[in-house]
Amino acid sequence: ATEECTEDDEQLVVALAAAAGVAIENARLYELASRRHRWLAATAEITTMLLGEVQRTTALQLVADRARQVAQAELALVLLYHDDTDTLTVEVAAGGGGERLAGVTLPAAECGFQPVVTERRQLVVDDLGKAAPWPAPVPPGRAVLVPLAAESTLHGILVVTDRGGEQQHTDEDMPMLTTFAGQAALALERAQAQEEREMLVVLEDRERIARDLHDVVIQRLFATGLHLQTAARLAARPEVAQRIQTAVDDLDTTIRDIRSAIFQLRTPAIAGLRIELRELAEAATEPLGFRPALELSGPIDHGVPDAIRPDLLAVVQEGLSNIVRHAQSTRACVNIVITDGRLAATISDNGNGPAGIQERGGLANLRRRATSHGGQFTIREAEPTGTILEWTVPL
């Protein structure tokens with residue numbers, strides 16, 4: 001009887017072990033099916049978003065949020081790749097204090113996940129915090145990196161980390177994560193295409209307005225000016241001739257302003273040097289007590305190289321600051337001209353004049369900025385009173 005009980009017990013243990021194994025496998029399969037369902041639901045949400053208007057930042061934030069939720073990650077990041085500079089920028093982040101990383105730019109060559117960029121393949125790093133020169137703290141631990149790529153174009157990288165240092169992402173998760181990243185890349189491409197279409201509409205409208213101003217408005221003003229000049233010569237009274245000539249001068253100024261507006265309209269919308277110069281003049285209005293005049297002539301936005309652009313802005317800012325500190329003036333003018341392959345910036349006022357002004361500090365820096373580009377910088381007295389700063393460089 002004892003032997004029979006023992007055999008029954010052994011059979012029972014085997015049966016229980018088999019049942020436990022089946023239960024564990026069923027639980028594993030159920031968990032896998034649940035995770036697949038969550039990935040499919042997240043992918044479907046991205047797909048639905050593709051059917052409507054797509055705003056890039058909103059789309060990428062949704063990608064990061066869903067990736068973190070479905071993968072049960074500590075942190076999810078979307079890094080955009082810039083091929084021209086070989087850098088990665090953290091566009092959006094979700095969880096894990098990722099808001100501190102938004103906007104961070106990393107050199108791709110110095111990151112431990114370079115294979116994702118060069119080979120367009122998935123990568124697992126043991127410690128994300130040590131994989132790149134992060135300027136802000138990153139939760140330590142294992143992370144999975146998946147390329148956001150469509151056809152042959154790499155748009156960026158999706159990063160998801162394990163929670164609490166425990167390995168949570170298995171080989172079975174990789175295909176689902178790759179599919180999700182593919183849909184995210186499509187959302188990014190659609191957002192970019194939508195932005196380009198909107199930009200094209202704006203540029204076409206700007207070109208039409210510029211063409212109308214050049215072909216119609218300027219020609220009418222020019223013809224009116226010619227008629228007035230003829231009338232001025234026929235006027236018997238000198239004061240009448242003087243008034244007509246003043247009107248002709250005003251028309252010339254208006255034509256120059258319209259031509260300046262045409263240059264701006266025909267410049268890509270991303271170019272904003274004119275806007276930055278206007279902002280500098282606007283910022284000087286309060287400390288000066290009056291608004292400085294700003295005169296721009298030539299292709300300011302696209303004619304100034306990137307290497308000279310920050311120096312030009314520094315010249316204008318320093319020139320206006322110098323007027324605030326020393327001039328005691330009631331009028332100031334900033335004149336920026338591009339002609340004959342040279343850029344000339346002239347800042348003038350009707351204040352105390354250059355006597356007593358020492359070329360040091362900011363003014364000395366302006367001379368160094370000019371000579372570094374093979375240009376010149378001069379300070380001279382204006383007539384009847386005031387100071388004129390001239391900064392010229394070849395283009």
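Strand β1, which spans residues 76–82, is mostly covered, since six of its seven residues are buried. This description, like everything that follows, rests on a predicted model.

**Strand β1 and its partners**

On one side of the account stands strand β2 (residues 87–94), with which β1 pairs in the antiparallel sense over seven bridges. Within that pairing, Ala76 stands opposite Ala94 in β2. The two strands form a hairpin with four residues between them, and in the turn Asp86 has a positive phi of about 55°. Strand β1 is also joined to strand β6 (residues 153–161) by five bridges, and these two strands run antiparallel as well; here Val78 stands opposite Leu158 in β6.

**Leu148 in strand β5**

Val78 and Leu158 appear again among the residues that Leu148 touches, a list that also includes Thr153, Leu154, His155, Gly156 and Ile157, as well as Ala181, Ala184 and Ala185, when residues up to four places away in sequence are not counted. Leu148 itself lies in strand β5, which covers residues 143–150. Is Leu148 buried or exposed? With a relative accessibility of 2%, Leu148 counts as buried, because the limit for that class is under 20%. From C-alpha to C-alpha, Leu148 and Gln183 are 8.6 Å apart in space, although 35 residues separate their positions in sequence.

**Asp349 in strand β9**

Asp349 is found in strand β9, made up of residues 342–349. Which side chain of opposite charge is nearest to Asp349? That side chain is Arg331, 7.7 Å away, and Asp349 is buried yet has no salt bridge; a salt bridge needs a side-chain nitrogen of Lys or Arg within 4 Å of a carboxyl oxygen, so a separation of 7.7 Å does not meet that cut-off. A polar atom of the Asp349 side chain does, however, lie 2.7 Å from the backbone nitrogen of Gly351. Leaving aside residues up to four places away in sequence, Asp349 touches Ile323, Ala327, Ser329, Arg331 and Ala332, together with Ala382, Thr385, Gly386 and Thr387.

**Cysteines**

The structure holds zero disulfides. In general, a disulfide is a covalent bond that links the sulfur atoms of two cysteines. Two buried cysteines are set out below with their relative accessible areas.

| Residue | Relative accessible area |
|---|---|
| Cys111 | 7%, buried |
| Cys333 | 12%, buried |

Both cysteines count as buried because their values, 7% for Cys111 and 12% for Cys333, are under 20%.

Technical notes: Residues numbered from 1 in each chain as written. Predicted model: local features only at pLDDT ≥ 70, side-chain atom pairs only at ≥ 80, totals over all residues. Heavy atoms only, no water. Disulfide = S-S within 2.5 Å. Buried < 20%, exposed > 50% of the residue type's maximum accessible area, 1.4 Å probe, protein only. Lys, Arg positive; Asp, Glu negative; His and termini not counted. Polar contact = N/O pair within 3.5 Å; in protein donor to acceptor, adjacent residues only side chain to side chain. Contact = heavy atoms within 4.5 Å. Pairing = 2+ DSSP bridges.
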